[in-house]
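Got your viewer open? Here's a short walk through the model, one selection at a time.

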Amino acid sequence: MMSNETLQAVRGMNDILPDEAELWLWFEEEVRDWLHGYGYRNIRMPLVEPTALFKRAIGEVTDIVEKEMYSFEDALNGDHLTLRPEGTASCVRAVLQHNLLYNAPQRLYYSGPMFRHERPQKGRYRQFHQVGVEALGFAGPDIDAEQILMCARLWRKLGLRDVALQLNTLGDAASRHRHRVKLIAYFEQHRDRLDADATRRLYANPLRILDSKNPAMRELVAAAPSLTDELDEEALRHFDEVQATLKRHDVAFEINPSLVRGLDYYNRTVFEWVTTRLGAQGTVCAGGRYDGLVEQVGGKPAPATGFAMGVERLLALLQEDGMALPKAKVDVYVVHQGERASRLASRVAEQLRDDRLRVLLHCGGGSFKSQMKKADASGAAVAVVIGDDEAQADEVSVKPMQGGEQVRVSVRNLTATVNQIIK
Ligand code: HAM
């Protein structure tokens, strides 16, 4: 038997209703303008990718790949597919598949929904939205610094307060390998103090143990061998230059040696912009360098760096600050009664739209009085009123909604009259 109960959205996946969507539209426009100011170009990838891509790029022993991916088998051909949990892997795949990196570095951005099966809470959703920014083919510290400066500029542009920058370097493959060997030896010595997650990760991905949220592990993790001690000169110089550029531009930061990020593809510079105002989910933007990923996904080695911001988190911060929603406004509401008047009304509405005005044409009949109430509620600056009397003469009445004389004008002069009122 069919049930009549109202169906609900999937837990952790949100509808964005019109009032809130106004804020999203505004945000998207600001962000696009900002990205174009730095020469970034848009790229759009599918929401679904082969599961193998994320396993290879993000790392088999990470929370995302182990626990959070929406993976499924295509019922028609048995392919293993995954709803993208992030955009970097897809972006690199697309760049390689279409040979975009051939002889030309790329500055690219994308935006849209990502999917992670996490426990939903404030600021953490199962479908959430990112704006991702990737620069491929650039090796120097100048681009790392530029991307961080970009973020700082966006916060200023949006009027965002209280986001602090945390910075770290993860060094290169050789130093990470040395660190890994030391970490394994250290944790082996303290095997009895490892929790189940850490025991599982001991040989597969010991660096992840440092990311443990378990308070019982805190002391053990704090005393673990530090990657900083293993860094080679070139990685340190790279990091110094990033810091020097930030200082020259007065961007404050804090070095956080335990910032390791939740994805395996990073090396050298990593950073997070964090606020204390969103409870536990305080990271609004994060990223870093990932020089090994292009090769890992199957391309010729190429350096790369990027970041992504969480749109829900940024908008929540702006809303907390009492950011007023810019309501989309209507210029004209067209009121009409009678058959001939209705025909003229739809012609007039189209004419006004040709002239780039925003027009609500009353639908559904009703008395002049009830239509005028709707005109009032719509927030339109002008009501255009058409009865059969006006229609006979190919004229309309124009009423300024904020008060003022109602005037009767020919259809030909309508746009000019309306423009005078809304000016
Ligand atoms: P990520 O740190 O996993 O990095 O995610 C980036 C941002 O997405 C987070 O800082 C947060 O604001 C937002 N975010 C992540 N998960 C959720 C969630 N469940 N609900 C709401 N917001 C969330 C990446 O995804 C990398 N691809 C960033 C990158 C680009 N690195 C290099 N290039």
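Before the first stop, a word on domains: their bounds here come from an automatic or database domain assignment. Keep in mind, too, that you're looking at a predicted model.

**Stop 1: the two domains.** Colour residues 18-172 together with 232-320 as domain 1, then give 332-418 another colour as domain 2. Taken over C-alpha atoms, the centres of domain 1 and domain 2 are 49 Å apart.

**Stop 2: a pocket.** Now select Glu28, Asn42, Tyr110, Ser111 and Gly112, which lie nearest the centre of the second largest pocket. There's about 350 Å³ of space in there, and 19 residues line it. Which elements supply at least two residues each? Show α1 (18-36), β5 (106-115) and β6 (127-136) and you have them. Of these, α1 gives the largest share of the lining, with six residues. Colour the lining by type and you'll get 10 nonpolar residues, five polar and four charged.

**Stop 3: a covered helix.** Next, pick α4, residues 88-97. Is α4 mostly covered or mostly open? Mostly covered: eight of its 10 residues are buried. The buried ones run from Thr88, Ala89, Ser90 and Cys91 on to Val92, Arg93, Ala94 and Val95. Turn on the neighbours and you'll see what those buried residues pack against: β2 (48-50), α2 (51-58), β5, β6 and α11 (293-296). Step past the end of α4 to Asn99, where phi is positive, near 60°.

**Stop 4: salt bridges.** The structure has 31 of them, so let's sample a few. Start with Arg161 and Asp321, whose closest N and O atoms are 2.9 Å apart. This pair ties together distant parts of the chain, 160 residues apart: Arg161 sits in the loop between α5 (141-158) and β7 (164-169), while Asp321 is in the loop between α12 (311-320) and β12 (332-336). Arg161 is partly exposed, at 45% relative accessibility, and Asp321 is partly exposed too, at 27%.

Then zoom to Asp211 and Arg208, which form a salt bridge at 3.8 Å, N to O. Arg208 is buried because its relative accessible area, 5%, is under the 20% cut-off, whereas Asp211, at 25%, counts as partly exposed.

Move on to Asp389 and Arg408, bridged at 3.2 Å, N to O. Asp389 belongs to helix α15 (residues 388-392) and Arg408 to strand β16 (residues 407-410), 19 residues apart. Asp389 is exposed at 52%; Arg408, at 39%, is partly exposed.

For a last selection, take Asp63, Glu66, Lys67, Asp197, Arg200 and Arg201: salt bridges with shared partners join them into one network.

Methods. Residues are numbered from 1 along each chain as its sequence is written. This is a predicted model: local features need pLDDT of at least 70, side-chain atom pairs count only at pLDDT 80 or more; totals for chains, interfaces and linings use all residues. Side-chain values use heavy atoms; hydrogens and water are left out. On a 1 Å grid over the protein atoms alone, a cavity is a set of points where a 1.4 Å probe fits but cannot get out, and a pocket is an open set with protein on both sides within 12 Å along at least five of seven lines; lining residues have an atom within 4 Å of a point. Grid points are joined across faces, edges and corners, and a volume is the space filled by probe spheres set on the points. Helices (H or I, at least four residues) and strands (E, at least two) are DSSP runs, numbered from the N terminus. Ala, Val, Leu, Ile, Met, Phe, Trp, Tyr, Cys and Pro count as nonpolar, Asp, Glu, Lys and Arg as charged, and the others, Gly among them, as polar. Buried means under 20% relative accessible area, exposed over 50%, partly exposed in between (1.4 Å probe, protein chains only). Contact means heavy atoms within 4.5 Å. A salt bridge is a side-chain nitrogen of Lys or Arg within 4 Å of a carboxyl oxygen of Asp or Glu.
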